[in-house]
Amino acid sequence: MYRHTLHEHLNDLCTRGGLSIAGPDNGFYARFLANSSDLEDLYLELYSGHPEGRRLFEDLMEMIIDAYRSRPSEMRSRDSWKEKKGNWFLSNQLAGMSLYVDRYCGSLHELPGKLDHLEDLGINLLHLMPIFESPEEASDGGYAVSDFRKVNLRFGSVDDLKNLQAILQQKDMYLMLDIVLNHTSDRHDWAKRARKGESYYQDHYYFFPDRNVPDAFDATMPEIFPESSPGNFTWIPECEQWVMTVFHNYQWDLNYRNPAVFIGMLDNIFYYANLGVDVLRIDAPAFLWKQLGTTCQNLPEAHSILRLIKLCTSIATPGMALLGEAIVAPQEIMKYFGTGTYTARECDFAYNATQMALQWDALASGDTRIMLAAQHELMQKPFGTSWITYTRCHDDIGLGYSDQTIAQAGFDPREHRLFLQRYFTGVQEGSPAMGALFSANPRTGDARISGSLASLCGLEQAISSGQARAIDTAIARILMMQAHSIFIGGMPMLFYGDELGYVNDYSWKDDPSKHYDNRWMHRPLIDWEKNARVHQADTIEARIYSANRKMLSIRRDHELFADLKNMSWLTPHNIHVAGFLRQWNGKKIYCLFNYSATDKFITWYIFKEHGPAAVRLHDHWTGRDLLVGRDDEYLVIPPYGFMILDHKVEK
Ligand code: GLC
């Protein structure tokens, strides 16, 4: 609703800030004015009861103006270009890779020299794993940030980052960085001052003098790292208090009930936006709000904070999309796209963690029924938002879908989860996987899975067995898993090393800064001699690399692979085969994936169920043309094979 006083106040602030609201700054002014009432409402919903709430709202308004004013002109032009395109991030032309700068190529300075290699593969968006200052021995892979504005010396400097961003922009490539919003390192300036006893900074975190409140919280909060960091609180002897530490004991949870924390972190977000970040990955947003008596995850206020961030950035730095890294139950993930009047106005992206885990589930069981049972939920994603689709990332694989979904597909949830744990750790008879359990909690029986894409698909075991057939099968499994993530809809995000089949790296065990965290087994140290083998025909590296490259190029060639809410699942004709249809502008492509170790049969009728029957199909993957047969005849899909079938009506 329009608010006259807010309007006048905004005019005043803009004029004082030297903006020309009727001239070149009119676009910004219009965005601000149009969103000002929502901004005030959302902010007051969180902070009206705080004594500093009103005063800090002023700071917030000024901060938005400052962020816009200091936005470099080339970024403003890029904002307009993206705005004109509309939902630029849904495009099939975007494909990303996540990488650790140091483990990939040493430093930010070397990275521009690797861009040709990434472009050759078909990657045009780089997700740099956290590069800001973080204590080496207590870093959680950079997710414990001690200075949000200083690039870790190991990686280079802010200038190196700016240089890289400029090169990316020239090349029409995109940059994605993290903002670690939920916590800081215990070496962050706020934490240091809190530790010394400054109550102003203690209010930036959750401090308690004794175990009363922590015990009450612990009673309903799950443990994230039960093996390495049990419980949710850490004793700080210097000030004789307990501080909330949901993740590791050196990651202190920020108190977003305090508006100064929100404003301080928003300032960091704007700083990243004005470094030229195209997609901001908001780390662990599910945890932002804490409330006694709850799990302290996915609370409504966490969503209000994200909506507020979305509003602020869409006013000042509109070209930056937001990715909410909410790795939670499927019905909760969906809410990060926004609900009610905020539908498609919260996070632009979320990880399709459910689909990812379900692909691993189907690979282990050879059965796609659980995957299908979960889809009615995932298909609710609103138009104008997108998934990050992926097979592996730097984290463990959590089996976050519900017991009910498992039961609905006809499996016993407990047994099935135990089977998956046994399968991916290679204990299950016949399993070729070489992974490990991560954060196993003997109390609840929960466990997640670590391991690289290649090792979980059996390549490590196959190479050590020296059997060519086992290697072929492992490669087929790797490629089918990747193909499913690449074509399903959303922006594919490859994890560095997976594009050429890196297996587990066991050196983490001897590294004092990593030995407590087996996720390091799947965060490889790139060996560029090995990478050069992608150019030697018939090497394992070349086979995997060229296939990934081809998949990405098929995706780029067809607009129907953009995420336009244009995907539907095919009626299951065979429990071992997952299939979906992508369609756009009268074109159709069927994608089929055989999750089993034997040939599987699909009746040709499947290609006659969606409008005019197909007469011929062209498989973009193999290049073969297929004539659609009679309804009582079958298309045969090879073990772990997949097909990307273009529907042709003419003969
Ligand atoms: C996110 C990161 C993970 C990290 C955690 C705590 O889930 O992906 O690696 O451990 O947040 O920051």
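Three strands of this predicted model form an open sheet in the order 7-9-8, with antiparallel pairing, where strands are DSSP runs of E with at least two residues, numbered from the N terminus, and two strands pair if DSSP finds at least two bridges between them. Strand 7 (207–208) and strand 8 (233–236) stand at the edges with a single partner strand each, so one side of each is left without a neighbour in the sheet.

**The sheet**
- Strand 8 is joined by four bridges to strand 9 (residues 241–244), and the two run antiparallel.
- Ile-236 stands opposite Gln-241, which belongs to strand 9.

**The ligand and its surroundings**
- The residues that surround the ligand (with a heavy atom within 4 Å of it) include Asp-140, Tyr-143, His-183, Arg-281, Asp-283, Glu-325 and Arg-519.
- By class, this shell has three nonpolar, three polar and six charged residues, where Asp, Glu, Lys and Arg count as charged.
- An oxygen atom of the ligand is 3.0 Å from an N or O atom in the side chain of Arg-281, and a ligand oxygen is 2.9 Å from such an atom in the side chain of Asp-283; a polar contact is a pair of N or O atoms within 3.5 Å.
- Taken alone the ligand exposes 310 Å², of which the protein buries 94%, with accessible areas taken from the Shrake-Rupley method with a 1.4 Å probe.

**Aromatic pairs**
- The count comes to 39 aromatic pairs, meaning rings of Phe, Tyr and Trp (its six-membered ring) whose centres lie within 6.5 Å, with planes under 30 degrees apart counted as stacked, over 60 as edge-to-face and the rest as tilted.
- Tyr-104 and Trp-528 form an edge-to-face pair, 5.2 Å centre to centre with 75° between the planes.
- This pair links distant parts of the chain, since Tyr-104 lies in helix 5 (residues 101–105) and Trp-528 in helix 22 (residues 528–532), 424 residues apart; helices are DSSP runs of H or I with at least four residues.

**How to read the values**
- Residues are numbered from 1 along each chain as its sequence is written, and side-chain values use heavy atoms, leaving out hydrogens and water.
- Local features need pLDDT of at least 70 and side-chain atom pairs count only at pLDDT 80 or more, whereas totals for chains, interfaces and linings use all residues.

Technical notes: Polar contact = N/O pair within 3.5 Å; in protein donor to acceptor, adjacent residues only side chain to side chain.
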